[in-house]
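Biologist: Can you take me through the pockets and the ring contacts in this one? Start with whatever term I need for the pockets.

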Amino acid sequence: MVGPTAVVLWLMVAGLVVVAYRRPEKKHRLGLRVGVNIIAANTPRVIMALVIAGFASQILPKELVAEWIGGDSGIRGILIASLLGGFIPGGGIISFPVAVVLYKAGADIPQLVAFLTSWSVLAIHRVILFEVPMLGARFAVMRLSASFLLPPLSGVIAAVLVALVQNRPLPL
């Protein structure tokens, strides 16, 4: 069954093919070649990330995950997830399978929101590899100082929203 996301993506592909074909340079062939190269480069990574996620889901101690970042962990779990997320290297190809594994192991939505926000905003590996060398340590310290509260704040906001939607007391 094809979902709405796939339909939207295929419509975008069709629209871009038409636009590229109508260009005087006929860029549609080059666009297809570049797209196939990107698929070829990323398919092994996606497969390995999903295999890793499958194995991790089987060996990760569910009791430990539930205790540390589960529904009853409250603000402590949000802070732990905020810290953990900043140290997950790589792009979405790594972090989202990790988030799925954590969710299936007992992590709750607010903690996962904090985890993914931390991965997105803090990303210590990107700070070390790109930000400090390209923009300098002063900039990196200023940016991290300005944004380090975002992951826990997003987790708390998610906890409030979950409590409102599920009509339950706030687990903080």
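Modeller: A pocket here is an open set of grid points where a 1.4 Å probe fits, with protein on both sides within 12 Å along at least five of seven lines. Its volume is the space filled by probe spheres set on those points. Keep in mind that this is a predicted model.

Biologist: Fine. How much space lies in the largest pocket?

Modeller: About 260 Å³.

Biologist: Which residues line the largest pocket?

Modeller: The lining consists of V13, L16, V17, A20, K27, H28, R29, G31, L32, G35, V36 and I39. Helices α1 (4-22) and α2 (28-59) each supply at least two of the lining residues.

Biologist: Which element gives the most to that lining?

Modeller: α2, with seven residues.

Biologist: And how does the lining of the largest pocket split by class?

Modeller: Seven residues are nonpolar, three are polar and two are charged.

Biologist: OK, next pocket. How much space is in the second largest, and what lines it?

Modeller: The second largest pocket holds about 150 Å³. Its lining is A49, I52, A53, A56, L60, I93, I94, P97, V98, V101 and L102. Two or more of these residues come from each of α2 and α5 (92-104). The biggest contribution is from α5, with six residues.

Biologist: How do the residues of that lining divide by class?

Modeller: Into 11 nonpolar, no polar and no charged.

Biologist: Switching to aromatics. How many aromatic pairs does a search of the whole structure find?

Modeller: One. The ring centres of F96 and W119 are 5.7 Å apart and the planes stand at 75°, so this pair is edge-to-face. The cut-off for that label is over 60 degrees.

Biologist: Where in the chain are the two partners?

Modeller: F96 is in helix α5 and W119 is in helix α6 (residues 109-121). They are 23 residues apart, so the pair links distant parts of the chain.

Biologist: Is F96 buried, exposed or in between, and what about W119?

Modeller: F96 has 43% relative accessibility and therefore counts as partly exposed. W119 is at 11%, so it counts as buried. The limit for buried is under 20%.

Biologist: Last thing, charges over rings. Which residue lies over the face of W119?

Modeller: R126, at 5.9 Å from the ring centre.

Biologist: And what sits over the ring of W68?

Modeller: The charged end of R76, placed 5.5 Å from the centre of that ring.

How values were computed. Residues are numbered from 1 along each chain as its sequence is written. This is a predicted model: local features need pLDDT of at least 70, side-chain atom pairs count only at pLDDT 80 or more; totals for chains, interfaces and linings use all residues. Side-chain values use heavy atoms; hydrogens and water are left out. On a 1 Å grid over the protein atoms alone, a cavity is a set of points where a 1.4 Å probe fits but cannot get out, and a pocket is an open set with protein on both sides within 12 Å along at least five of seven lines; lining residues have an atom within 4 Å of a point. Helices (H or I, at least four residues) and strands (E, at least two) are DSSP runs, numbered from the N terminus. Ala, Val, Leu, Ile, Met, Phe, Trp, Tyr, Cys and Pro count as nonpolar, Asp, Glu, Lys and Arg as charged, and the others, Gly among them, as polar. Rings of Phe, Tyr and Trp (its six-membered ring) pair if their centres lie within 6.5 Å; planes under 30 degrees apart count as stacked, over 60 as edge-to-face and the rest as tilted. Buried means under 20% relative accessible area, exposed over 50%, partly exposed in between (1.4 Å probe, protein chains only). A charge sits over a ring if NZ of Lys or CZ of Arg is within 6 Å of the ring centre and within 35 degrees of the ring normal.
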